[in-house]
Amino acid sequence: MSGATIAGAVRVGRMPWSGLLALFSAAFTAVMTELLPAGLLPQLGLALGVPEGRAGFLVTAYAVASTLSAIPLTALLRGLPRRPVLVGALAGFALFNTVTALSSSYAVTFGARVLAGVMGGILWAMLVGYAARMVPVERRGRAIAIVSAGITVALCAGIPAGAALASAFGWRTAFLGLAVVAVALVGWVLWKVPDFPGEAAAVRVPLRRVAVLPGVRTILGVTVLVLVGHQAMYTYLAPFVAFAGLGRTSVVLLVFGAGTVAGIWVTGVVIDRFPRVTLVVVLAVVAGAMAVLAVSGGPGWAPLGAVALWGAAFGGVPTLLQSALVDASGAGNADAATSMQTTVYNAGIAAGSLAGGLVLEGAGAGALPWTSLPLVAVALAVVVAARRRAFPARRV
């Protein structure tokens with residue numbers, strides 16, 4: 001597709017559905033590649049001749065590689081045309097998932113997971129900026145929501161389906177399936193996703209200058225607060241469910257997941273008209289849900305309803321924060337800014353899991369929502385205060 005064709009599509013405000021759905025599928029594939037092993041640890045450990053704990057390091061290896069590679073590789077690749085970089089990352093997923101499926105060596109599998117994580121770091125730094133450049137500014141939030149929905153669908157439907165496929169046909173079949181999907185995505189991207197030029201060296205803004213653009217650091221700070229607060233509670237939802245007597249953890253997770261799907265759909269509808277109000281509302285709902293979970297004394301509709309509202313509100317948070325970051329940095333700097341957010345996001349997940357574990361061990365499951373509540377409340381206060389630069393009422 002020529003530059004004139006892209007510009008014409010943007011001017012008339014068309015939504016490039018096929019291209020956006022290809023990016024949605026890329027996000028889906030990345031999440032599946034990262035998290036599918038978590039549900040297959042007994043099978044992986046048996047096949048590779050290691051304990052389940054060491055098999056779990058295959059998930060850790062991917063996450064660490066993705067976190068560490070996002071910023072430096074984004075800086076290294078910023079000057080290259082965007083579509084070849086995207087295709088390269090997807091081809092990497094195909095190759096390393098194939099290696100994982102065929103390997104009987106823990107060392108080889110571990111190496112494949114590290115390299116797959118590097119592909120993930122490149123991909124996550126690209127997807128939001130890519131979506132933003134494919135649409136006019138007034139539809140940017142909706143485009144980002146469509147792509148981000150790939151994460152939600154993978155978590156709510158893809159991972160359970162992958163685990164079921166592995167149970168029926170073996171875990172190697174599940175990874176081969178992911179490899180086939182990645183190969184198909186390469187063709188889809190080449191067919192329907194437009195190419196965009198890289199950033200010329202003469203006009204390229206250094207990452208350190210992107211980091212100090214007005215509003216960027218504030219948005220990254222809110223990202224950390226929200227992720228630490230959310231993850232401290234979500235990681236240890238099972239012991240909290242047992243403590244509160246809410247029934248089966250699987251049912252509570254299903255309620256949360258259903259809420260998340262609804263939340264990201266609603267966010268996609270309203271984000272372009274009311275980005276600031278929507279973010280304020282969803283953070284207030286998350287904080288309110290944590291308060292209800294903190295004071296609820298046992299089973300009942302109130303805590304289960306709080307979980308549903310928590311899921312619905314949190315479902316829109318990543319899209320809202322990503323959209324705010326692209327607005328603050330500018331679409332041209334989006335890859336650099338989102339590479340920082342990828343690192344911050346993963347750091348928040350790690351810190352939240354650690355903090356929640358310490359609280360669980362020290363004060364018990366009942367203290368978990370009290371840990372999350374102040375963090376989310378501070379994030380909400382920052383958003384309310386940062387109305388000029390980071391979270392304005394409307395895009396300019």
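The following is a short conversation about a predicted model, centred on Ser 372 and two helix arrangements.

Trainee: What should I keep in mind about this model?

Mentor: Residues are numbered from 1 along each chain as its sequence is written, and side-chain values use heavy atoms, leaving out hydrogens and water. Because the model is predicted, local features need pLDDT of at least 70 and side-chain atom pairs count only at pLDDT 80 or more, while totals for chains, interfaces and linings use all residues.

Trainee: Why is Ser 372 called buried?

Mentor: Buried means under 20% relative accessible area (exposed is over 50%, partly exposed in between; 1.4 Å probe, protein chains only). Ser 372 has 0% relative accessibility, so the residue counts as buried.

Trainee: Which residues does Ser 372 touch?

Mentor: With contact meaning heavy atoms within 4.5 Å, Ser 372 touches Gly 229, Ala 232, Met 233 and Met 290, leaving aside residues up to four places away in sequence. A polar atom of the Ser 372 side chain lies 2.6 Å from the backbone oxygen of Gly 229.

Trainee: What do the buried residues of H16 pack against?

Mentor: They pack against helices H10, H11, H13 and H15. Ser 372 is among the buried residues of H16.

Trainee: Why are H7 and H8 called oblique to each other?

Mentor: Under 35 degrees counts as roughly parallel, over 145 as roughly antiparallel, 65 to 115 as roughly perpendicular, and the rest as oblique. The axes of H7 and H8 cross at roughly 130°, and the pair is therefore oblique. Their contact includes Phe 169 of H7 and Trp 171 of H8.

Notes
A polar contact is a pair of N or O atoms within 3.5 Å; within protein, one must be able to donate a hydrogen and the other to accept it, and residues adjacent in sequence count only if both atoms are side-chain atoms. Axes are lines fitted to C-alpha atoms, for helices over the stretch in contact, and angles run from 0 to 180 degrees between N-to-C directions. Helices (H or I, at least four residues) and strands (E, at least two) are DSSP runs, numbered from the N terminus.
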